[in-house]
Amino acid sequence: MGWYSDMKRSIQLTAVIGAVIISILVTVMSMRMIRGAASSTDKAVAKVSEFYLKELADRRTQVIASLIDSKTDQMQRAMQVISKQDLESVDSLRAFIGRTELLYELDLFALVDQDDIVYSRYSTYMGGSRYDFLADDMADNRTAISTVYLYGGSKHICIAIPLSGISFQGKKLQVCFVEIDFKKLADDLAFGVENAETWFGLYQGNGENLISMDFGPFDADQNLLTATKDMLSEDEWNALNDHFQNGIQGETVLGHQSARDTLYYVPVRDTGWMMTVLISGNLIQDQIRGISDELLRQSTQYFVLIGLALVVYFLLLFLELHRQSSRLLMQEKKTSREYSERALKSESELGRYKGIAYKDPLTGVQSKHAYMEKAKILDQAIADGDLSALAILVGDLNGLKHINDTIGHAAGDQYLKDGAMMLCRLFQHSPVYRTGGDEFIVILQNADYENRFPLLEQLNQMVEENISTEGVVISAGMAELTPEDDYVEDVFKRADHLMYVRKQQLKEMGARMRT
Amino acid sequence: MKVKAIFLALLLCVSHCMYGYAAEETEHDSAVHFERELDSYKPLKNHYNFYFTYKIVHPWWDAVALGIEEAQRQFLEHGVIITYEYMAPPKTSAIDQAERLRKAAEGAYDVIGVDVADEAVISPVLDELMEKGNKVMTFSSSDAASDCKRIAYVGNTHNVEDGAQLTEALCRKLNYKGNVAILVGAEGAPCHEERAQGARKTIGKYSDMKVVDVAYDQDSIENAYELTKEFLARYKDLDGIVCCNMSNPVGAARAVKEAGRDVVIVGMDHDREALEDLRDGIIYCLGVQDCFSIGFDTIQVAVKIADGQLPGELFPEKTQEETTLIYQEDAEDMLRILYGVVQ
C-alpha cells in the first residue's frame with residue numbers, strides 16, 4: 001500500500017506542477033503580449049503618424065511647388081507674347097500687364113528694369129528697397145523665390161524669372177515677377193486647421209510664420225523656433241533649428257501642457273520655407289489605441305478562455321491520470337500478486353523438483369547431484385579458508401551384482417535400501433549420498449567428524465558381523481581434509497583408495513553375498 | 001491678441017498724452033493705422049494719373065507706398081482707376097529731384113506730389129510747375145517753404161516737435177546732464193533739419209547739457225555707423241545721441257553696441273533693426289510716424305486736387321499725420337504690428 005500511495009502522489013504532483021508551469025507560461029506570455037501590444041501600438045502610432053504627416057505635408061508642398069512652377073510657366077508664356085506695341089509706352093505696358101494678370105488670374109504681375117524700377121498694372125515704383133531678390137544676381141537664369149515682408153506685417157511670395165532681350169524706354173527689362181499674398185495662398189491651400197486636431201503652417205527657415213495664421217497652440221505671429229524652445233530638450237531644439245535653417249525634413253514631438261503633439265516639417269523646394277504639419281498626439285494615438293485596446297481586449301478574452309480551457313483540461317487530465325493510475329496500480333497490484341503467487345508456486349515446485357533431483361528415489365538418501373552441489377559449496381569454503389574440519393567416507397556395497405543376478409533386482413534394491421539405512425543410522429548428523437549403483441558417500445562434519453573414528457570402527461564391526469549373517473556388507477574408506485587439499489575431490493580420492501583397501505580386507509574375511 | 005492690441009493702444013495713448021503734440025489734434029489708438037477707409041468724397045473722374053517723387057529709395061517710403069496702394073485699391077473697388085509713378089533716386093539729391101519734377105511736368109499727370117529733398121532748391125521748382133498749370137502737392141515728412149505755391153501738404157507737420165520730444169526723453173533719461181551728439185539725415189531735407197532744430201532747442205534749455213557735434217548721414221545706415229564711431233572716438237564723455245531720420249538710429253546703435261559704450265540713443269521711425277535694438281535696450285526710444293496713413297491720405301488729397309478742389313472743407317492745407325514715441329516695452333508689439341514678427 002505504501003508504494004501505491006507514493007506512486008499516486010507522484011502522478012498527482014506531476015499533474016499539478018505541469019498545470020502550474022503551463023499556467024505561469026500562459027500568464028507570462030499574456031503579460032508579455034500585453035506589454036508588447038502597448039509597445040507595438042506606440043511604434044505603430046509613430047509610424048502611422050510619420051506616414052500620415054508626411055503624406056499631408058508632401059501633398060501641400062507639392063501643391064506649392066506646382067503653384068510656383070505654374071506661375072513661372074505663365075510668366076514665361078506671357079513674356080513670349082509681349083509685343084513691340086506693348087513696350088511703346090507706360091500705358092501700353094500697363095495694359096499688357098493688366099491683360100496678363102486677368103488671363104492668369106495673377107494678383108500682381110510686374111516687370112523690373114535695370115534701375116530696379118517696377119512696372120505694374122497701375123503703378124511704377126522703385127523696387128530696390130522693397131524686393132530683396134532685385135539685389136541678387138539672376139544671371140544663372142533660375143527662378144528666384146523670395147519672401148517680401150511688408151510694412152504692416154503681411155508677407156508675400158515673389159516668384160521672379162530673369163528676362164533677356166527686352167527693353168522698355170531704352171532700359172533693359174531684367175526681371176518679371178508675380179507677387180502672392182501668403183494669406184491668400186494659405187486660404188487657397190486650406191492651411192490652418194485641417195480638422196480639430198491637425199494644423200498646417202508655412203514658416204521661414206528662421207521660424208517666422210509666413211501665412212499669418214495660428215498654427216495649433218502657436219499664435220500667428222509667434223516664431224515657431226522660439227515658441228518651441230520650452231517644449232523640447234536642448235538637443236531636440238538644436239536639431240529642429242538646424243533642420244529649419246538648412247532645409248532638412250524631420251519630425252519631433254512637442255510637449256505642451258498635458259498634450260504631446262507631433263510636428264512634421266518638410267522643406268518647400270527652392271524657397272527656404274518649411275511646410276509644417278502639426279497633429280495632436282492624441283488623434284492617431286487615440287484611434288490606433290482604440291483598435292489596439294479592442295484587439296488587446298479580445299486577446300485577453302482569448303487568454304482567459306485558453307486559461308479556463310487549460311484549467312478544465314488539466315482537471316480532466318488530473319482526474320483521468322488519477323483514474324488511470326489507480327487502475328494501473330490496481331492492475332499492477334493484481335499482476336504482482338499473481339506473479340508472487342506464481343513465483344511462490346514455482347518456488348515450491350522447484351523445491352519439489354529440486355528435492356526429486358537431489359534425492360535418490362530408491363534409498364531416500366541424497367543423490368549424486370546433491371553431492372556434487374554440496375562439493376561445490378565445500379570447495380568454495382576450502383578456497384575461502386573457512387573449512388578445516390571435514391572427513392569423507394566412501395562406502396561400497398559388496399555383492400550387489402551377485403544379488404541382482406541371482407535373486408533379482410527387487411532383492412538388490414532392498415539390499416541398497418538396507419545399506420543406506422545402515423549408514424544413515426550410524427552417521428545421524430551427516431548427509432548420506434548415493435553416488436553410484438552401489439556407492440555411497442558420507443560427508444562428516446561437526447559431531448560426526450569429531451566421532452569419525454569410533455563411528456568408522458562401529459561400521460566396520462557391524463559389517464564384519466554381517467559377513468557371517470549375510471547382512472549388509474559395506475566396504476568403507478575414510479579420509480580427512482588436510483591443509484594440502486584444495487578440493488573435496490582430493491579427500492574423496494584418498495577415502496576411495498582406503499575403501500578399496502577395506503574391500504580387499506573384507507573379501508579376505510569371507511564376505512559373502514546374501515542369498 | 002486683442003488684449004495685447006488694446007493694451008498697446010492704451011499704452012501708446014498714455015505716452016502720447018504725456019509727451020504728444022499730435023495727440024491734441026488727432027485721435028488715434030495706435031502708432032500706425034492700417035485699417036483706413038476712403039472718406040465720402042465722390043471723385044469726378046474714373047481715372048487719375050499721379051506722379052510722386054521722394055527723397056531716396058528707402059524702406060520708409062516703401063511703408064508710405066503701402067498706404068498709397070491701399071487707397072488705390074479702395075478707389076478701384078469704387079470703379080476709380082488710379083495710376084501713378086512713385087519714384088526716387090538712389091541717393092538724396094535736390095538737383096535730381098528738381099529734374100524729375102520738371103520732367104513730370106511734361107507728362108500727363110493730374111497731380112505731381114513731392115517729398116521735398118531741400119526746400120530751398122525745390123520750392124522754386126514747385127512754384128514754377130504751378131505757374132505752368134501743374135497741380136502740385138507735397139507729402140511725406142518734408143513740406144516746401146512756407147511761401148511755396150504748392151496746393152497742399154500731407155504728412156508730418158511737426159518735425160520740430162518730434163525732434164524736441166525725442167530729445168526731451170533723452171534729457172530726462174540723462175537726468176538733464178551730459179554731452180549729446182546729433183545725427184541728421186540729408187542736408188537741407190526739411191524734416192531732418194527741423195528735427196535737429198528741435199533737438200538743439202531742447203538741449204539748450206538745460207544748462208548742464210551740451211551739443212558736442214552734429215553730422216549728416218545722407219540717409220545711409222553705413223554713414224550713420226561710421227559717424228557714430230567717430231563721435232565715440234572723439235568724445236569719451238559722450239552721453240547721448242539724437243537721431244533725426246530712419247537710418248540714423250540703426251547705424252548709431254550698431255556702433256554703440258560694437259564699442260560697448262553706455263550711450264543713450266533716441267531716434268526716428270520704424271526700421272526693423274532699430275525696433276529690435278529698442279527691444280534689446282540699445283535704443284532708448286523711437287518716434288514712429290504713421291507712414292501708412294501718409295500714403296493713404298496723399299492719394300485721397302491728390303484725387304481732390306486733381307478734381308480742382310482746393311484746401312478748405314474737403315481737405316486741409318496741411319494734413320497732419322501722427323508721430324508716436326515708443327519705448328522698450330512697446331517694441332515687441334510694434335515688431336509684431338509692423339513686421340508680423342515675435343522673437
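Visitor: Which helix is Asn446(A) found in?

Guide: Asn446(A) is found in helix 10 of chain A, residues 446-450. Bear in mind that this is a predicted model.

Visitor: What makes Asn446(A) exposed?

Guide: Exposed here takes 12 or fewer other C-beta atoms within 10 Å. Asn446(A) has 11 of them, so Asn446(A) is exposed.

Visitor: What is the phi of Asn446(A) near?

Guide: Phi of Asn446(A) is near 60 degrees, a positive value, and the residue is something other than glycine.

Visitor: Which residue of chain B has a positive phi although it is not a glycine?

Guide: That would be Gln218(B), with phi at about 55 degrees. Gln218(B) sits in the loop between strand 7 (209-216) and helix 7 of chain B.

Visitor: Why does Gln218(B) count as buried?

Guide: The cut-off for buried is 20 or more other C-beta atoms within 10 Å. Gln218(B) has 20 C-beta neighbours inside 10 Å, so Gln218(B) counts as buried.

Visitor: And Ile279(A), how do you know whether that one is buried or exposed?

Guide: Run the count again: Ile279(A) has 22 other C-beta atoms within 10 Å. The bar is 20 or more, so Ile279(A) is buried. Ile279(A) belongs to strand 12 (residues 273-279) of chain A. Its C-alpha atom is separated by 8.4 Å from that of Tyr264(A), and the two residues are 15 apart along the chain. Over chain A, with its 515 residues, buried ones make up 31%.

Visitor: Why are helix 7 and helix 8 of chain B called oblique to each other?

Guide: Their axes cross at roughly 45 degrees and come within 7 Å. An angle under 35 degrees would count as roughly parallel, and 65 to 115 as roughly perpendicular. The crossing angle fits neither of those classes, nor over 145, so the two helices are oblique to each other.

Visitor: What is the hand of the crossing where helix 7 of chain B passes helix 8 of chain B?

Guide: Helix 7 of chain B passes helix 8 of chain B in a right-handed crossing. Residues making the contact include Tyr225(B), Thr228(B) and Leu232(B) of helix 7 of chain B, and Gly251(B), Ala255(B) and Ala259(B) of helix 8 of chain B. By class, the contact has nine nonpolar, five polar and three charged residues.

Visitor: Over to the sheet with order 13-15-16-14-17 in chain A. What makes strand 13 and strand 17 of chain A its edges?

Guide: This is an open sheet of five strands with mixed pairing. Strand 13 (366-367) and strand 17 (474-480) of chain A each have a single partner strand, so one side of each is left without a neighbour in the sheet.

Visitor: How many bridges pair strand 14 of chain A with strand 17 of chain A?

Guide: Strand 14 (residues 391-397) of chain A and strand 17 of chain A share seven bridges, in the antiparallel sense. Asp396(A), for instance, has Ser475(A) in strand 17 of chain A as its bridge partner.

Visitor: Which strands of chain A does helix 11 lie across?

Guide: Helix 11 (residues 452-469) of chain A lies across strand 14, strand 16 (439-444) and strand 17 of chain A. Its angle to strand 17 of chain A is about 165 degrees. Angles over 145 count as roughly antiparallel, so that label applies to helix 11 and strand 17 of chain A.

Visitor: What makes you say that both faces of strand 3 of chain A are covered?

Guide: Check both sides: Ser123(A) and Tyr125(A) on one, Thr124(A) and Met126(A) on the other, and all are buried. Within chain A, strand 3 pairs with strand 2 (residues 117-119) in the antiparallel sense over three bridges. One of the bridge partners is Met126(A), for Ile117(A). A hairpin of three residues joins the two strands.

Visitor: How do you know that strand 3 of chain A counts as paired with strand 2 of chain B?

Guide: Pairing takes at least two bridges. Three bridges join strand 3 of chain A to strand 2 (residues 81-87) of chain B, so the two count as paired, and they run parallel. Ser123(A) has Tyr84(B) as its bridge partner, and Tyr125(A) stands opposite Tyr86(B).

Visitor: How many residues does the contact take from chain A and from chain B?

Guide: The contact takes 23 residues from chain A and 27 from chain B. On the chain A side, strand 3 gives the most, with four residues. By class, that side has six nonpolar, eleven polar and six charged residues.

Definitions and conventions. Residues numbered from 1 in each chain as written. Chains lettered and ligands numbered in written order. Predicted model: local features only at pLDDT ≥ 70, side-chain atom pairs only at ≥ 80, totals over all residues. Contact = placed C-beta atoms within 7 Å. Nonpolar A, V, L, I, M, F, W, Y, C, P; charged D, E, K, R; others polar. Axes fitted to C-alpha atoms, helices over the stretch in contact; angles between N-to-C directions. Left-handed = near helix turned anticlockwise from the far one by under 90°.
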